[in-house]
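The following exercises are to be worked with the sequence and the coordinates at hand. Each task is followed by a solution in steps.

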Number of protein chains: 2
Amino acid sequence: MSEQKLKIGLLGMGTVGGGVAAILERHREALSEKAGAELVLERVLVRDPRRPRAVDLPAERFTTEAASILHDPSIDLVVELMGGIEPARSYILEALRRGKYVVTANKDLMARHGTELLEEAQRHRARIYYEASVGGGIPLIRPLKHCLAANRIEKVIGIINGTTNYILTRMALEGSSFQEALAEAQARGFAEADPANDLEGRDAAYKLAIIAALAFRRRIAVEDIYVEGIAGVAAEDIRYARELGYAIKLLAVGEELLQGLALRVHPTLVPATHPLASVLHEFNAVYVVGDAVGEVMFYGRGAGAMPTGSAVVADIIDAARTMRSRIKDGIMETTFAPASVLPVSRLVSRFYLRLQAQDRPGVFAALATAFGEEQVSLDMIIQKRSEAGTAEIVLVTHDVIEERFNRAMQRIEACEAIETVNSVFRVLE
Amino acid sequence: MSEQKLKIGLLGMGTVGGGVAAILERHREALSEKAGAELVLERVLVRDPRRPRAVDLPAERFTTEAASILHDPSIDLVVELMGGIEPARSYILEALRRGKYVVTANKDLMARHGTELLEEAQRHRARIYYEASVGGGIPLIRPLKHCLAANRIEKVIGIINGTTNYILTRMALEGSSFQEALAEAQARGFAEADPANDLEGRDAAYKLAIIAALAFRRRIAVEDIYVEGIAGVAAEDIRYARELGYAIKLLAVGEELLQGLALRVHPTLVPATHPLASVLHEFNAVYVVGDAVGEVMFYGRGAGAMPTGSAVVADIIDAARTMRSRIKDGIMETTFAPASVLPVSRLVSRFYLRLQAQDRPGVFAALATAFGEEQVSLDMIIQKRSEAGTAEIVLVTHDVIEERFNRAMQRIEACEAIETVNSVFRVLE
């Protein structure tokens, strides 16, 4: 970059792109001061340059040719906001090969091809920043890399999907069903028309892959993360959980255990006094346990044009400040060894269980025997007055290794007196 | 520093010093990798070198002479953990003059003399880091300087004193009186023998001065901060607040208003659904509103050897990485203009009020008239069955400018039928 200007090429001008342009426009002077250079939106790659846009840029700044950004040596920094794997991946690789710095908000790409991109950056003495790929505007990547650098991270637990948290919050506050809450989330723009990626926990798993890599300094394959969505959470479960002192949240959990990493996304009963239980609506939070700092939590909006734009622009400033220095990165992700990830069957957890049983003598004894034979001990039991000959029973176990719990469940499902097992969720300590 | 080693001189080896030494020892290799140099605790200034210490350092590393650290050109970085204004201030100035980088955890010093130290650092192309001066291990300084750099910060609201939060939490959870909760806090090490600085809100005001300076990019004089402590919070107030849907917290609030900054520390009714309401026990949190990112919150342990040590070591790593680079600081605090701070009488707030009145006809009318004449309108009213001819009345007003509220209070106190005004607190929107 010249002494005075940092020229930015923007790939994609959707919601987040609009946010970035608005922030750059609104705080032009202050941002230039912080960056040590004027930040200039030199060229913007779009599909249709004639489409009207909220951002006030001369028509000649828009292009439909990626090469006019990637091959322009005057462009110092490429900001990728297209999303998806291709062509974003090829464009970023091309930019890095030409020594350009890159800022990306692309979660899928960083989760799947992060190592490749980071290695290419290192090879060409360039850099790639990705704060906006997880948790919208919440500072997460920089705190994990720098602020908590003195710690061995023991655990990260995130509420990192706004759609599911919005749905679970509606269900808890309004008593709505899953379907009602989903419809509400879609009406209010917190869920997409096809929300499967969010509801089934895959979006959270991608984000967990990015965070856990930094927290545990390991390369993580998204496929190694155990994933369970929220479709099985019923209004009744939320009511019982509350009665027992818990909220139900979709948690993304990463833990470093002696034998390897535990990485999983699943609906979880969270104690009402835990700070994650108070993370409501579309908000996100990541709770981190470090051996020195103890528990810290980062909370905020995990999505949206302006919050995500805030993270993108922070990365742009950081890139501008670093570009001409010889400063080394604090954590070199490229040095991380592949993670050894434990199968979920070997993890230890408490379990919440809701089932329907025949309301007759001996049923509870059969249940207790099934658990007893697998040495699963029970911590809490609720049995409400039955209706029409069926009793609803809610149980919470003590800590048990999952494979043992699963064997107990097979025994229970084989019991003649057990009509349905409605829900099985893990419980956070 | 040499290519291989960063030599550190430590001023003071109390609780936090022990934490820093323990972290450096425990993660020697990982920290050196992150810092790009081996971190060597070269010399430690103590009062009594023969005193036994938890840290495993050869006897010759201890000194009683500050000069043997400050005048030693081989020492690259001075870490000040003595606390208090002098001699810490003179030692830091001396280190900066000799071009050494400085890391400090000294809240009083940064709040009172931060500008002087930052200017001296700039003059000598050195740097001073102070993440550990506020909020223990919670990342705050770095997020405000870097992660939220794209934002104009509108508001910072902190629970930044662990002692008072512990006391208020005990009162809320156990129904204890202020005195009982204070005794408990002292017994458990969360309050000092002389807790006045904490209880009266001065400790929080110092921390607010440091945070608000960065958030609003202004120089702030601690004396300009309005301060009210928690001694006036009664168990009854906490009960009534809960009934109305609030928790009582000691908040440190900084806001940028059109006419200037509002800076104040006082007990405050916080809506139960606000994320700050769930910050319990000795935990701290800082809630920040930025124009792009919206609401974010940083939560964790605000004190303690290891959490504070975590922040100090993160600063050491940052210093090591930056020392040989030409990188510019993102926010230069030395460029901040002095703040114009508004008197609290001109701020607008809702108020909570608890008073004892004679239980006879016309009393409520008198109260209503006093408020009405000053155009203060009421939002919530509780009057419980009276005892022995005295009625306890709790009111919450709508927004009102403080001077107007104060005039209404004068009218009320002049009412013959009003026996005592027990409590007056502000209410967070």
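**Exercise 1. Locate B:His281 and B:Arg125 and describe their backbone and exposure.**

Solution. The model is a predicted one.
Step 1. B:His281 sits in the loop that connects β11 (260-271) with β12 (283-290) of chain B.
Step 2. Its phi is near 55 degrees, a positive value in a residue other than glycine.
Step 3. For exposure, a residue is buried with 20 or more other C-beta atoms within 10 Å and exposed with 12 or fewer. B:His281 has 16 other C-beta atoms within 10 Å and is therefore partly exposed.
Step 4. B:Arg125 belongs to the loop between α5 (107-123) and β6 of chain B. Although B:Arg125 is not a glycine, its phi is positive, about 50 degrees.
Step 5. B:Arg125 counts as exposed because it has 8 C-beta neighbours inside 10 Å.

**Exercise 2. Find the cis peptide bond that joins A:Glu86 and A:Pro87, and the one from B:Glu86 to B:Pro87, and place each proline in its chain.**

Solution.
Step 1. In chain A, the bond between A:Glu86 and A:Pro87 is cis, and omega is about 5 degrees. A:Pro87 is placed in the loop between β4 (77-80) and α4 (88-97) of chain A.
Step 2. In chain B, the bond from B:Glu86 to B:Pro87 is cis, with omega near 5 degrees. The loop that holds B:Pro87 runs between β4 (77-80) and α4 (88-97) of chain B.

**Exercise 3. Characterise the overall form of chain A from its radius of gyration, its box and its contacts.**

Solution.
Step 1. Chain A contains 14 helices and 19 strands.
Step 2. A compact globule of 429 residues would have a radius of gyration near 22 Å; chain A has 24 Å, so the value agrees with that expectation.
Step 3. Along the principal axes, the C-alpha atoms of chain A occupy a box of roughly 85 × 45 × 35 Å.
Step 4. Of the 429 residues in chain A, 52% are buried.
Step 5. Take the contacts in chain A between residues at least 6 apart in sequence: 77% of them join residues at least 24 apart.

**Exercise 4. State how chain A is divided into domains, and describe the contact of domain 1 with domain 2.**

Solution.
Step 1. The division gives domain 1 (5-137 + 305-337), domain 2 (141-301) and domain 3 (345-427) of chain A.
Step 2. Between the C-alpha centres of domain 1 and domain 2 of chain A there are 27 Å.
Step 3. In chain A, 20 residues of domain 1 are in contact with 21 residues of domain 2.
Step 4. On the domain 1 side of this contact, helix α5 (residues 107-123) of chain A supplies the largest share, 7 residues.
Step 5. By class, that side of domain 1 of chain A comprises 8 nonpolar, 7 polar and 5 charged residues.

**Exercise 5. Give the strand order of the open sheet of 6 strands in chain A and in chain B, and identify the edges.**

Solution.
Step 1. In chain A the order is β3-β2-β1-β4-β5-β6, with parallel pairing. Its edge strands are β3 (62-63) and β6 (128-129) of chain A, each pairing on one side only.
Step 2. Within this sheet, β1 (residues 5-11) and β2 (residues 38-45) of chain A run parallel and are joined by 7 bridges. A:Leu6 stands opposite A:Leu39 in β2(A).
Step 3. In chain B the open sheet has the order β3-β2-β1-β4-β5-β6, and the pairing is parallel. Since β3 (62-63) and β6 (128-129) of chain B each have a single partner strand, one side of each is left without a neighbour in the sheet.
Step 4. At the β6(B) edge, strand β5 (residues 101-104) of chain B pairs with β6(B) in the parallel sense over 2 bridges. There B:Val102 is opposite B:Ile128 in β6(B).

**Exercise 6. Describe the contact between chain A and chain B, beginning with the residues each contributes.**

Solution.
Step 1. Chain A contributes 49 residues and chain B 49 residues.
Step 2. On the side of chain A, the elements giving two or more residues are α2 (28-35), α6 (141-147), β13 (294-301) and α12 (305-323). Of these, α12(A) gives the most, with 10 residues.
Step 3. The side of chain A that touches chain B has 24 nonpolar, 15 polar and 10 charged residues.
Step 4. β13(A) pairs with strand β13 (residues 294-301) of chain B in the antiparallel sense, over 5 bridges. A:Gly300 is opposite B:Val296 in β13(B).

Notes: Residues numbered from 1 in each chain as written. Chains lettered and ligands numbered in written order. Predicted model: local features only at pLDDT ≥ 70, side-chain atom pairs only at ≥ 80, totals over all residues. Helix = DSSP H or I, 4+ residues; strand = E, 2+ residues; numbered from the N terminus. Rg over C-alpha atoms; globule rule 2.2 N^0.38 Å. Contact = placed C-beta atoms within 7 Å. Nonpolar A, V, L, I, M, F, W, Y, C, P; charged D, E, K, R; others polar. Pairing = 2+ DSSP bridges. Domains from an automatic or database assignment.
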